[in-house]
Amino acid sequence: MTQLASTEWTSSSSRAVARGGAARGCLAALDDEAMFCEFISEAAELSGYDAFATVDPEKFLAHIERCPPAVIVLDLCMSGMDGLQALRRLADEGVKANILLGSGADSLALETAICLGRAHGLNMAGIIRKPIDMDALRGLLESQVQVENPLSVARLAAAIAGGELTMHYQPIFDLRANCTAGVEALVRWRHPRLGMLMPAAFVPLAERGGLIGVLTDWALAQAVRQAAAWRRSGMTLKIAVNISNVGMPDERLPERLERMCADADVPPSAIALELTESAAMRDPARAMEMFMRLRSKGFDLSIDDFGTGYSSLAQLQRLPFTTLKIDRSFVTSVLASEANASIVLAVISLAHALNLICVAEGVESADTLAFLKANGCDFAQGYHIARAMPAKDIAGFCAADSRT
Ligand code: C2E
Ligand code: CA
Ligand code: CA
């Protein structure tokens, strides 16, 4: 191991190879503690890497641009640039390395950072807990094999075109009529190698990679086709489709959706579009125009995850929503938290005062369902009623509505 300056350490795999180790490629480490840089550099050399470790974020980024590493070791809590900022920079650079996060932080912070890294499309390969044990660290470094992140934008585009995406539908229950009134369409990716992937694993990738318009069009086409099929078998379920809050849908959406419905003989009132507060509030003038056109054509508009964004109530009143969905973070624990109960009651009143239908999401127990019903909420959705399921199972579910 060689110390280049007071901020950098390098080590060469040739020394490891000379001692009988394997050459594993380059490893780059960033940590604001010099002692850790020295330690990782030594472990990397013993494990057969050409290592570069530094306390300087700019030197680290310059180095990985020069020599793309197979493995990156990144400290989560640093002064200067924190680990989350560094992850974003690595994602922007399209880094393919396996990333090991090092930290003395609590597990929750580490897990959140790993989820964030994955959402950025990075190969999050493991955690190094401080204080570090040399043997454990070497075991981890030696087990790293270069795996391409299989969820690239190109792979997702091919999956959409090749029919690997599928829609599941979660029932939305009418609390007054005691029956299933509609469903929310929730996309899944049937990945041939990784199995069924949930939207969190690939919707952010579509949003970042410019594919969200394609995904939204696919989702709307599925919903319209499914609404037509259900109508032919006598089921008049309303289908809600999620519209991403990244970028406004393109201006021709209202006409395109209207045509899709006309071609399939589905009335626009059978389709609801779910948008979040942030989408509506980012560009209120454009949002207002688009929503007005969709409403005037007869589509329903729901405000999704209500209570988690920042909205001006005046704007909320002016936008032509038909439905308000209370975010599940308030609903799930409505009986365990007085504050959440107050919020849910206030939102039900607000919805009704604005002439909106109120849907509670995240209903996970019979008691919660009873609370919502007793307090005038109109619709409920959640695991207690049913999880999202393939379209073919919905008819059977609706037939058994009378049990609820
Ligand atoms: P969302 O719009 O808030 O959808 C509801 C999510 O909550 C679904 O997760 C659903 O399975 C889950 N959920 C339902 N009931 C319960 C419950 O009782 N408890 C708990 N803990 N969770 C419940 P899912 O399917 O993983 O979807 C996650 C998010 O992905 C959706 O959140 C939506 O924002 C997005 N998404 C799903 N499908 C699409 C799509 O086709 N297009 C776009 N742009 N986004 C989509
Ligand atoms: Ca939704
Ligand atoms: Ca929601």
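A residue counts as buried when its relative accessible area is under 20%, as exposed when that area is over 50%, and as partly exposed in between. Keep that scale in mind, because lysine 130, with a relative accessible area of 22%, falls into the partly exposed group. One more thing before we start: what you're looking at is a predicted model.

Let's stay with lysine 130 for a moment. Its side chain meets that of aspartate 75 in a salt bridge, 3.4 Å from N to O. Lysine 130 sits in the loop between β7 (123-129) and α6 (134-142), while aspartate 75 belongs to strand β5 (residues 71-75), so this pair ties together parts that are 55 residues apart in sequence. Is aspartate 75 buried or exposed? At 2% relative accessibility, aspartate 75 counts as buried.

Side chains of opposite charge can pair when their charged atoms come close. How many salt bridges does the structure hold? The count is 23. Another of them joins arginine 138 to glutamate 142, with the closest N and O atoms 3.1 Å apart. Both of these residues lie in helix α6, 4 residues apart, which is about one turn of the helix. An α-helix has 3.6 residues a turn, so residues three or four places apart point the same way. Arginine 138 is partly exposed at 27% relative accessibility, and glutamate 142 is partly exposed at 30%.

Further along, lysine 297 and glutamate 258 bring their side chains together in a salt bridge of 3.3 Å, N to O. Lysine 297 is in the loop between α12 (284-296) and β13, and glutamate 258 is in helix α10 (residues 253-264), so here the pair ties together parts 39 residues apart in sequence. Glutamate 258 comes out as partly exposed, at 32% relative accessibility. There's a bigger picture here too: salt bridges with shared partners join Glu255, Glu258, Glu289, Arg293 and Lys297 into one network.

Now for the metals. The calcium ion (ligand 2) is coordinated at 2.1 to 2.3 Å by Glu184 (OE), Asn242 (OD1), Glu274 (OE) and Asp304 (OD). Along the chain, these donors follow the spacing E-x57-N-x31-E-x29-D. Distant parts of the chain are linked this way: glutamate 184 is in strand β9 (residues 179-191) and asparagine 242 is in strand β11 (residues 238-242), 58 residues apart. Glutamate 184 counts as buried at 4% relative accessibility, whereas asparagine 242 is partly exposed at 27%.

Which residue bridges the calcium ion (ligand 3) and the calcium ion (ligand 2)? Aspartate 304 does, and the two ions lie 3.7 Å apart. The protein donors of the calcium ion (ligand 3) are Asp304 (OD), Asp305 (OD) and Glu361 (OE), with Glu361 (OE) listed twice, and they lie 2.2 to 2.7 Å from the ion. Their residues are spaced D-D-x55-E in sequence. Aspartate 304 is in strand β13 (residues 300-306) and glutamate 361 is in the loop between β15 (357-360) and α16 (366-374), so to speak a link across 57 residues. Both aspartate 304 and glutamate 361 are buried.

That loop leads us to β15 and its neighbours. Strand β14 (residues 323-326) runs parallel to β15, and 4 bridges join them. Isoleucine 326 has alanine 360 in β15 as its bridge partner. β15 also runs parallel to strand β16 (residues 379-380), joined by 2 bridges. Here alanine 360 stands opposite alanine 380. Together, β15, α16 and β16 make a right-handed β-α-β unit.

For a quick check on a helix, try α9 (residues 212-232). At 1.5 Å a residue, its 21 residues should span 30 Å, and the end C-alpha atoms are indeed 30 Å apart, which agrees. After α9 comes glycine 234, whose phi is positive, near 85°.

Last stop, the cysteines. A disulfide is a covalent bond between the sulfur atoms of two cysteines. A search of the whole structure finds 0 of them. For cysteine 67, the nearest cysteine sulfur is that of cysteine 26, 5.5 Å away. A disulfide would need two cysteine sulfur atoms within 2.5 Å. Cysteine 67 is partly exposed, with a relative accessible area of 27%. Cysteine 115 is in no disulfide either, and the nearest cysteine sulfur, from cysteine 77, is 16 Å away. Cysteine 115 counts as exposed, at 54% relative accessibility.

Note on methods: Residues are numbered from 1 along each chain as its sequence is written. Chains are lettered from A and ligands numbered from 1 in the order in which they are written. This is a predicted model: local features need pLDDT of at least 70, side-chain atom pairs count only at pLDDT 80 or more; totals for chains, interfaces and linings use all residues. Side-chain values use heavy atoms; hydrogens and water are left out. Donors are N, O and S atoms within 2.8 Å of the metal (3.2 Å for Na, K and Ca); water is not among the atoms, so sites may look incomplete. Buried means under 20% relative accessible area, exposed over 50%, partly exposed in between (1.4 Å probe, protein chains only). Two strands pair if DSSP finds at least two bridges between them. A crossover is right-handed if, with the strands pointing away from the viewer, the path from the first strand over the helix to the second runs clockwise. The expected span of a helix is 1.5 Å times one less than its number of residues. A salt bridge is a side-chain nitrogen of Lys or Arg within 4 Å of a carboxyl oxygen of Asp or Glu.
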